[in-house]
Amino acid sequence: MESKVATQLGQECLQGLMRVWFDFERQLGRVPIIQRLERGRFTREDYRNLLLHLRQQVIEGARWITRGASSFERDYADVRSEVIGHAKEEHRDYEMLEADFVAAGGALEEIRAGQRNAGSEALHAFMMYRASQPNPVDLIGAMWIIEGLGQKMASDWARRIDEATEGDGRYTCFMRYHGENDDAHLDKLYTLIDRVCRTPEQQQAILRTARVVARLYALQLEEIEHG
Amino acid sequence: MSVYITSTGHYLPGEPVDNERIEAVLGLVHGKPSRLKRRILQSNGIRQRHYAIDAEHNTLISNGEMAARAGRACLDDSYLDKSRLEMLSVATSQGDLVLPGFGSMVQAELGVADVELHSSHGICSSSMMALKAAYTGLKAGEHDNALVIASELASRLFKASRYEAVAQEVDFNAEFLRWMLSDGAGALLLENEPRRRCFRIDWIRGFSHADSYPVCMSVGRAESDGRSWQDFATYAEAEAAGALLIRQDVRLLDNIVKLGVDGLLRLIDEGRVEVGRIDHVLCHYSSHYFRGKIFDMLTQAGAAIPEEKWYTNLYTRGNTGCASMFIMLDEFRRTQSHRAGDTILCMVPESGRFNNVYMQLTVVEE
């Protein structure tokens, strides 16, 4: 195994991102619904509730990525291409999520009529704001968290959910699907870090956005308990 | 004021037991050989270990006596007479008695008078907590010296009869540590001045994450309903419910790697660790499997410490829980080449409920 990032600044940035991620995992460990999942005291209703709240952010996720893509100017055309590719791959993910909700015993109209909780509102607003800035390189920080979470869902949550709710994988497709292209996605991210982290200011912006997204994502999950 | 590790010692009971003989000592559960043993041993890489019990399950030496022997070996190799010892700081996962504190029992075995006493409670990191208590005691000028001892007698938990006493079939998590842990003790002497070639303690720092993670390694909890062994009407019922088995939730173990790396990155960020300046790494990883994982993740982060700088005696001395780091440091001091000015990084990531302790030493010559 080799170091994934070549430049000095990129390496510091990656170390910072790893620390933000580890801290995020600890934040997740304090969220009630995730604690229940980790302790195997998680019901199918918990799962439907989780999907219901996740969906409102997932469906908006494609919007900030595409908005972000359009904010990259000509000097970042290569980055724009990467981001567009990413958006294209994921912009219909919410359909899979909705199908899981139905397969887990939920009603389609219910999830479609769902509202963003306070955490999803904050996360969505922050992402749209950052994505609207010129050359928003700090979106890499957001992608780091979202990508990492996809991996965690696929490698850990999906299995735990099926075990706790006696599922057979039929209604955890959305979470499992995220694991399939993870390595390729992560490798692209590593390359992007070298590409867009060229100044200390950029490094700081990337880490800051990663921290904010992590916090707001955790808030979104905490808010599940409140409606 | 600087604090120095001026002497070290260890005690490992009996003759080394190789992988073929483990089951002859610990016993066949319901007369049948384990189906998991080979797989677990392959993953942890341990080839030899020591047990304080014999094949008839007599305890040949108590935990307190092992601790005292390691302490005596350490003092015998030092310039300090035991009558001048000021502090005794002791760690174990499980003393011979539930009460009183292990430190009291070790003090009596060792025969040292009037010391200030400290006992640490926990699993692998408890020795580092005991060390830190002694280190800060000297640093604050409270004492001129302290003997720190860590000792484990895990094999008593692994006797076949313990597993046979459980009503249900024993699962993987309950058997995992049977092929991992073994017995032994290690000791370090701290003084506020250097002697010959010794180690200066630059800092000791722990990060505990129990608030974010479930219990990963435990004794005393029934798997079915999470009840404490003390909540059963009788201890016999607790044992039948499996509450007295030592368990590891292996699915949570990957977190130890992440948290181990996280702590190191944190120390790099704080400027306490400079990866390029580290000459030796002594890491208490419970099994070989994790060494590779820690190594890969550090490499990925661009914070790799070259493999030839890593030292361990896990494979020949076994995983002796909290005693491991002291036994490792003792053997390192006696057998490995190191020079004045060398920097040694010690890491003890504990899976109990995720407490990671780090220490940096500098080799000094009086």
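Begin by selecting helix α3 (residues 44-71) and helix α7 (residues 118-131) of chain A in this predicted model, whose axes come within 8 Å and cross at roughly 5°. Angles under 35 degrees count as roughly parallel, and α3(A) and α7(A) are therefore roughly parallel to each other. To see where the two helices meet, show the side chains of A:His53, A:Gln56, A:Gln57, A:Glu60, A:Trp64, A:Arg67, A:Gly68 and A:Ser71 on α3(A), and then those of A:Ser120, A:Leu123, A:His124, A:Met127, A:Met128 and A:Ala131 on α7(A). If you colour the residues of this contact between α3(A) and α7(A) by class, you will find 5 nonpolar, 7 polar and 2 charged.

**Chain A as a whole**

Now widen the selection to chain A, where there are 11 helices and 0 strands, so that a walk from the N terminus passes through one α element after another. The radius of gyration of chain A is 17 Å, close to the 17 Å that the globule rule gives for 227 residues, and chain A is therefore as compact as a globular protein of that length. Turned along its principal axes, the C-alpha trace of chain A spans about 50 × 35 × 30 Å. Of the 227 residues of chain A, 45% count as buried, and among the contacts in chain A with a separation of 6 or more, 81% join residues 24 or more positions apart.

**Where chain A touches chain B**

Next, display both chains together and look at the place where 16 residues of chain A are in contact with 17 residues of chain B. On the chain A side, select helix α1 (residues 8-29), which supplies the largest share, 8 residues, of the side that touches chain B. By class, this side of chain A has 5 nonpolar, 4 polar and 7 charged residues.

**Chain B as a whole**

Hide chain A for the moment and follow chain B, whose secondary structure comes to 12 helices and 14 strands. A compact globule of 366 residues would have a radius of gyration near 21 Å, and the 20 Å of chain B agrees with this. Along the principal axes, the C-alpha atoms of chain B fill a box of roughly 60 × 50 × 40 Å. Of the 366 residues of chain B, 51% count as buried, while residues 24 or more positions apart account for 83% of the contacts in chain B with a separation of 6 or more.

**The domains of chain B**

Colour chain B by its domain assignment, which gives domain 1 (4-195), domain 2 (198-211 + 249-365) and domain 3 (217-245). The C-alpha centres of domain 1 and domain 2 of chain B lie 19 Å apart, and 46 residues of domain 1 are in contact with 38 residues of domain 2. On the side of domain 1 of chain B that touches domain 2, the elements giving two or more residues are β1 (4-11), α2 (37-44), β3 (48-49), β4 (87-92), α5 (126-139), β6 (145-152), α7 (172-175) and β7 (184-191). The residues on this side of domain 1 of chain B divide into 20 nonpolar, 20 polar and 6 charged.

**Single residues worth a stop in chain B**

Go first to B:Arg221, in the loop between β9 (217-219) and α8 (235-240) of chain B. A residue is buried if 20 or more other C-beta atoms lie within 10 Å of its own, and B:Arg221, with 20 such atoms, is therefore buried. Leaving aside its neighbours within four places in sequence, B:Arg221 is in contact with B:Gly226, B:Ser228 and B:Ala243. If you also select B:Glu239, which is 18 residues from B:Arg221 in sequence, the C-alpha to C-alpha distance between these two residues is 10.0 Å.

Move then to B:Pro100, in the loop between β4 and α4 (102-110) of chain B, and inspect the peptide bond that leads from B:Leu99 to B:Pro100, which is cis, with omega near 0°.

Continue to B:Asp114, in the loop between α4 and β5 (116-121) of chain B, which has a positive phi of about 60° although it is not a glycine. B:Asp114 is exposed, with 8 other C-beta atoms within 10 Å.

End at B:Arg196, in the loop between β7 and β8 (197-208) of chain B. B:Arg196 has a positive phi of about 45° although it is not a glycine, and with 11 C-beta neighbours inside 10 Å it counts as exposed.

Key:
Residues numbered from 1 in each chain as written. Chains lettered and ligands numbered in written order. Predicted model: local features only at pLDDT ≥ 70, side-chain atom pairs only at ≥ 80, totals over all residues. Helix = DSSP H or I, 4+ residues; strand = E, 2+ residues; numbered from the N terminus. Rg over C-alpha atoms; globule rule 2.2 N^0.38 Å. Buried ≥ 20, exposed ≤ 12 C-beta atoms within 10 Å, placed from the backbone. Contact = placed C-beta atoms within 7 Å. Nonpolar A, V, L, I, M, F, W, Y, C, P; charged D, E, K, R; others polar. Axes fitted to C-alpha atoms, helices over the stretch in contact; angles between N-to-C directions. Parallel < 35°, antiparallel > 145°, perpendicular 65-115°, else oblique. Domains from an automatic or database assignment.
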